[in-house]
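Here are a few short exercises to work through with the model open in your viewer. Try each one before reading on.

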Amino acid sequence: DKFSVDTKQADSVVFFDADGNDIVTGKRAEPAGLVSRVLGGQSTGDMIIDGLGLTVAAGTTINKDGRLVGGALALRELGTRDALDAYKRKLDCEVTYFLGNERIMTTLTDKAGNREVGTKLENKAILTTVLDNGKEYAGESAIMGKRYLALYIPLKNQAGDTLGMFFIGQTFDRINGLTARLFRVQAFLLVVSGLVMLAIGYFIVRALILKPLSEISGAVHNLASG
């Protein structure tokens, strides 16, 4: 089922009894809200968005002989330093996790190489589109004095409230550099393909036109010489 699939991708799994206590520590299992919903019979999935990180959770009840004995929550961390660094390597873009308009974790760094954690996005158009209206924003964004082609994705909890954002972006300098290299490659390929077409055309003309004309010319010459 879905919980089994989610568990395979989880960073951790929390098991708790029918009273909501972690079976390992004996303390109240967290996050308490999701634990309560699971014990209430709701197999649930939700996104935990806070100042500590971004976590996707999936929960299910555990029953024995038709009686509720506890539950389990599978947790997947998406907003950690390691997770964002992995996204950057895979996407070849800068990524940031926001709580509201504050950068909780990011791959963006200042000139000294320090991550821009704790800084805020002040672009009102983006904040209105994403945080206020709960819609994605795709377009230009000025960040730390650089122009980015950016995508901001709203992060919503199960209730539909937008609590944060996820940013993916690439600088225009990098995009222009890649475009220039791509153009040079395309120009080279066009030249090569043009030369190939000329060579093919030459052999076609030679085989279909020049050779028959040469044979006809030879025959006419033989006839003229008796």
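**Exercise 1.** Among contacts in the protein between residues at least 6 apart in sequence, what percentage join residues at least 24 apart?

Keep in mind that this is a predicted model. Start with the contacts whose partners sit at least 6 apart in sequence, then keep those at least 24 apart: that leaves 40%. For the setting, the protein has five helices and nine strands, and along the sequence they run α-β-α-β-β-β-α-β-β-α-β-β-β-α. Of the 226 residues, 30% are buried.

**Exercise 2.** Work out where confidence is lowest and where it is highest.

Begin with the whole chain: the mean pLDDT is 80, and 75% of residues reach 70 or more. Now go element by element. Helix 1 (residues 2–8) comes out lowest, with a mean of 48, while helix 4 (residues 124–132) tops the list at 94. Zoom in on residues 1–7: pLDDT is below 50 there, and the stretch makes nine contacts beyond near neighbours in sequence. Don't lean on those, because predicted coordinates should not be read in detail where pLDDT is low.

**Exercise 3.** Describe the largest pocket and its lining.

First, the volume: about 230 Å³. Next, the classes: five lining residues are charged, four nonpolar and three polar. Among the lining residues are Glu94, Asp110, Lys111, Ile143, Met144 and Tyr148. Finally, look at the strands: strand 8 (146–156) and strand 9 (162–171) each contribute at least two lining residues.

How values were computed:
Residues are numbered from 1 along each chain as its sequence is written. This is a predicted model: local features need pLDDT of at least 70, side-chain atom pairs count only at pLDDT 80 or more; totals for chains, interfaces and linings use all residues. Side-chain values use heavy atoms; hydrogens and water are left out. Helices (H or I, at least four residues) and strands (E, at least two) are DSSP runs, numbered from the N terminus. Buried means under 20% relative accessible area, exposed over 50%, partly exposed in between (1.4 Å probe, protein chains only). Contact means heavy atoms within 4.5 Å. pLDDT is the predictor's confidence in each residue, from 0 to 100. On a 1 Å grid over the protein atoms alone, a cavity is a set of points where a 1.4 Å probe fits but cannot get out, and a pocket is an open set with protein on both sides within 12 Å along at least five of seven lines; lining residues have an atom within 4 Å of a point. Grid points are joined across faces, edges and corners, and a volume is the space filled by probe spheres set on the points. Ala, Val, Leu, Ile, Met, Phe, Trp, Tyr, Cys and Pro count as nonpolar, Asp, Glu, Lys and Arg as charged, and the others, Gly among them, as polar.
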